[in-house]
Every structure is written in C-alpha cells, then in structure tokens.
Amino acid sequence: MQNSTLIFGPPGCGKTYTLIEHVRKALAEGIHPSRIGFVSFTRKAIGEAVDRACSEFKLEKKELPYFKTMHSIAFHNLGLQSTDMINKDDWRQLGKNLGMVFDGVDNISPDDGILIPPVDGSGSKYIQLISRSRYRRVPLVQEYNEAEDHSISFPMLQKIDETLREYKTETNRMDFADLIEMYSTTTSPSLDLLIVDEAQDLTPMQWNMVEYMSEKAERVIFAGDDDQAIHRWTGVDVSLFMKCSDNVVILDQSYRMPRRVHKLAQTVVKKISNRKIKQFRPTSEEGEVHFHMSLDSVPLDQGSWTLMTRTNKMARNFAAILREEGYLYSYKGHPSIGADVAETMSTWKQLQLGEHLPLDQVVKFYKAVPKQGDFAVVKRGASTLLEASRDDVLLGYDDLVRDYGLVAPKTRDPMDVAKLGLDDKLYIKALERRGEDITKPPRLKVSTFHAMKGGEDDNCVVYLGSTWACINTKHPDDEHRAFYVGITRARKTLHIVDTDKKYRYEL
C-alpha cells in the first residue's frame, strides 16, 4: 500500500511504545485525536493502546472514537445494537431445527475480537468450518477438503450453512463474520493516521476491511510479528502481513528477554520456514534457563510466575496440581479462591477482632453470606436494615447483632460464614500452611501460549507436552510459533518442564 509502513516487532522490543510515539508525533503535528485510528482484532491490544494514549496525552476515551477492535468499528459503523447479534437463544433454536446441539455463549461482544463463534456441542465443528471458510474467503468445499476431518459430513455441512444463512435473514440477526464482511457497505472514516496492530493475526476477510479503511487514510502503519502468528487455525494467512508494505522497519532491541532466554528462543524461531529474518538484541541481563523432568522441582514458592501449556486441557491439569499442592493461582484470569470469598472471610475476621467497618463493606458482606438454614449468618431481609444507616457510619459485631439482624456467633469459622464446601475448606487450610494470602492477587498464573500472547512475567514455565494433531500437522510452523511465544514471555527466568508423554515438542 502507498504511504504505508510495516513495523516488525519481535518479543519485548517496544512495539506498543513505538506505535504510541507515532500517535504522539501526529498529535504534535496538530492532528485531532478523532482523525487517528488504532485498530486490532483483540480487545487486549486496543485496551493497552487506549490506556497509554489517555494517560500520556491527557485524553478521555471518548476522544479516541477509532481506537477499537475491527469488529467494534464495523458494529458501530453499521449502526447495530446488541440485539441484532446472534445469541444463545438463537443457537439453541438452530440446534432444534437441525437436530444438533449448539451451546452458544451470551457474554461475547464485538469488542472481544472473536473470530470463530464460541459455540460448543455436536455442531461446533461445523460452525467453525463455515466461519473459517468465510474468513479465508474460500469456497466451503475447499475448506472442507483441506480440513480432512472425516467426522464431518459435507452434506450436513452444506445444510447447516444454508440453514444458518436463512435463519439470519429471517430474524435479521448477524454474526461476527457478517460485521467484517459488510463493513465495505459503510462509509469508512477519513483518517490522517491509521495504525493496525497485531496485523500478523488478520484473516483475508479482515485484510479486505483494512484495505477499505486505508483508502481514506493519509498514512497507514502495520505492526506485528510473523513469528508470533499463532492463529492460523482461525483462517489467518500470515503471508498477507509479511508483504503488506515495501517500507519495512525492524525493531531490534528487546527490553524483556535476557540473553539465555533469547538464545533458546532463537533455536526455536529458526525452525519456522515461512518467516521474515529479524536480528534483535537481548537485554544486558544474563537471565536463567532451567530444565526439569516434572513440575515438582520448579521453585514456585517465591516471586511471580506464569505456567504455560499448549492446550487448555494441559493448563487445567497444571491448575489441578497447584491446587493439590496448596498454591494460590489464577486460571484464565480467575483466582482459585474467588475474590468475593476472600473478601467475605476477611470481613468476618475483622468483625471477630472487634473492628468497626464502613457501611459499604458491611453491605457487600450481607449480600454474600447465608440467610437461612442452620448456618444462616444474617436474618432474611437484614440487608434492608442497612439502607437506613448513614453512609459514614462504622459498624462492629455488637452493632450488627443488636440492630441489623446478624445472628452468627462470633466464634463461627470464617469458612462456614463464606459457605465453603469440604474441598474448598481443605484447600484453604493448605493455602494457609503455605502462607498464601487469599486477599491478594495470586502470584501464580496458569495459561495457554495463545492466551499469554502479548503478556510477560518474571518467571515462566513452559511445558513441552503436545498432542497428536499438533505434532502431525501439515503446518509445523504452527507448533514452532506457539512454543516460541511461550518461551519469549520470560523477563528473568525460564523453566522448561519435559514430559514422558508420547507427544512432546522437541527443542
């Protein structure tokens, strides 16, 4: 594209910082924030860009109307409402019509950057194949033949595709692919600067949208890293990113990776056959790389850690091990002991110690605790008694018993107050023996490589376990890229955990 630049940003090389600097320059030139676009397919990338721009340039989010995911840009340009999108009830009805199960998800919005519809059940493979053919802009029969999934019936695939199209027409519903596909029917905004971040993860359909947006942009910057293109399974064609501009800039200094981690990462990235060769330097720190035969020998007791695996199933297994060992952790952003449970127990302990607490804390406590049965903590309807209190009031245990319906004896175990079952009680006791503080964010995070992309941590664990499908794929670059992403998250120490399973990644 004319007037465009392609920025290759290897791991930790300050890609987002560089893009924000381009925004800074544009603003210094007198360009209004509303004439700057910053788009990506993920909300994570956009969230970071918005936060930085607002913080550094003293802007409000509403002043950056085109800092959005591509789905969100299309959604708003088409003038749609959330009720226009296909939802859980629609998937359920489609399943009835077809004699299949489509378990849709309600809490998904265009801002999430979702590509493949989040549908489970017996029909999920069919929906994924249909969506992938659309994002790749290839005929359905071609997608079917290339997938080589013999569990899928092509006549049924055609029937589902036709039925889905008819259903959306009859109900005036749209899915996420429709948003991108129909964007070219709208009037794209006139921009002085358009930044496309994480561009290595765009599908052909999304590239078509980007090209349409670029027609009304004075200058376009594409940014990403082909070595971290780990979403081919959704229809991504990384070669479109690699050739999108003749004006190429390579960021050549990592501010994350120490030398030893960088050295190991290079042995992996060089296995990728279809890539742009990029030389970049590690930090001045030496760092550490350790190898283990199991998770048992990894020193998880101190510091911040992220444990990464190839698949969700493996990540759940790691989470189960951490729970069994009495570690506090988070999985997919959710702590192993919920914040509401921790807050309820903490409030009760404060009351037991004779502390007087602010009204809003007591209100939360009342909402969370049991109100009937042998383990009732407060009387039913007791929360309404708090509504008449002054906002600045401080309440202690005796006050709550006398005037606000608290009935639990002061000696009751905080775990009973929080309605915990036996397994959770045993788990919390194990956490206490380890000295874990459930009121603080977990030190340990469990993640897949895909979910961790764009993240980093002081200490990282990479598990070498894989699957038959990953190892025997016709696209081995996918596996190399996935493990490259995992390895390059470490800021200080990297721990490689091997496996005796049949399918493993060979470093």
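In this predicted model, Thr309 finds its bridge partner in strand 13, namely Thr448. The pairing belongs to a longer register: strand 8 (residues 305–309) and strand 13 (residues 444–448) run parallel and are joined by 5 bridges.

Both strands take their place in an open sheet of 7 strands, whose order is 7-15-14-8-13-9-10 and whose pairing is mixed. At its edges lie strand 7 (288–292) and strand 10 (334–335), each of which pairs on one side only. Strand 8 also meets a helix: helix 21 (residues 476–487) lies across strand 8, strand 14 (457–463) and strand 15 (490–497). Relative to strand 14, helix 21 runs at about 150°.

Turning to individual residues, Gly396 sits in the loop that links strand 12 (394–395) to helix 16 (397–403). Its relative accessibility is 2%, so Gly396 counts as buried, the cut-off being under 20%. Beyond the neighbours within four places in sequence, the contacts of Gly396 are Leu351, Glu355 and His356. Of interest here is His356, which is 40 residues away from Gly396 in sequence, while the C-alpha to C-alpha separation of the two is 4.2 Å.

A second residue worth a look is Lys15, located in helix 1 (residues 15–28). Lys15 counts as buried because its relative accessibility is 12%, and the threshold is again under 20%. With neighbours within four places in sequence set aside, Lys15 is in contact with Gly9, Asp197, Glu198, Ala223, Gly224 and Leu251.

Conventions. Residues are numbered from 1 along each chain as its sequence is written. This is a predicted model: local features need pLDDT of at least 70, side-chain atom pairs count only at pLDDT 80 or more; totals for chains, interfaces and linings use all residues. Side-chain values use heavy atoms; hydrogens and water are left out. Helices (H or I, at least four residues) and strands (E, at least two) are DSSP runs, numbered from the N terminus. Buried means under 20% relative accessible area, exposed over 50%, partly exposed in between (1.4 Å probe, protein chains only). Contact means heavy atoms within 4.5 Å. Two strands pair if DSSP finds at least two bridges between them. Axes are lines fitted to C-alpha atoms, for helices over the stretch in contact, and angles run from 0 to 180 degrees between N-to-C directions.
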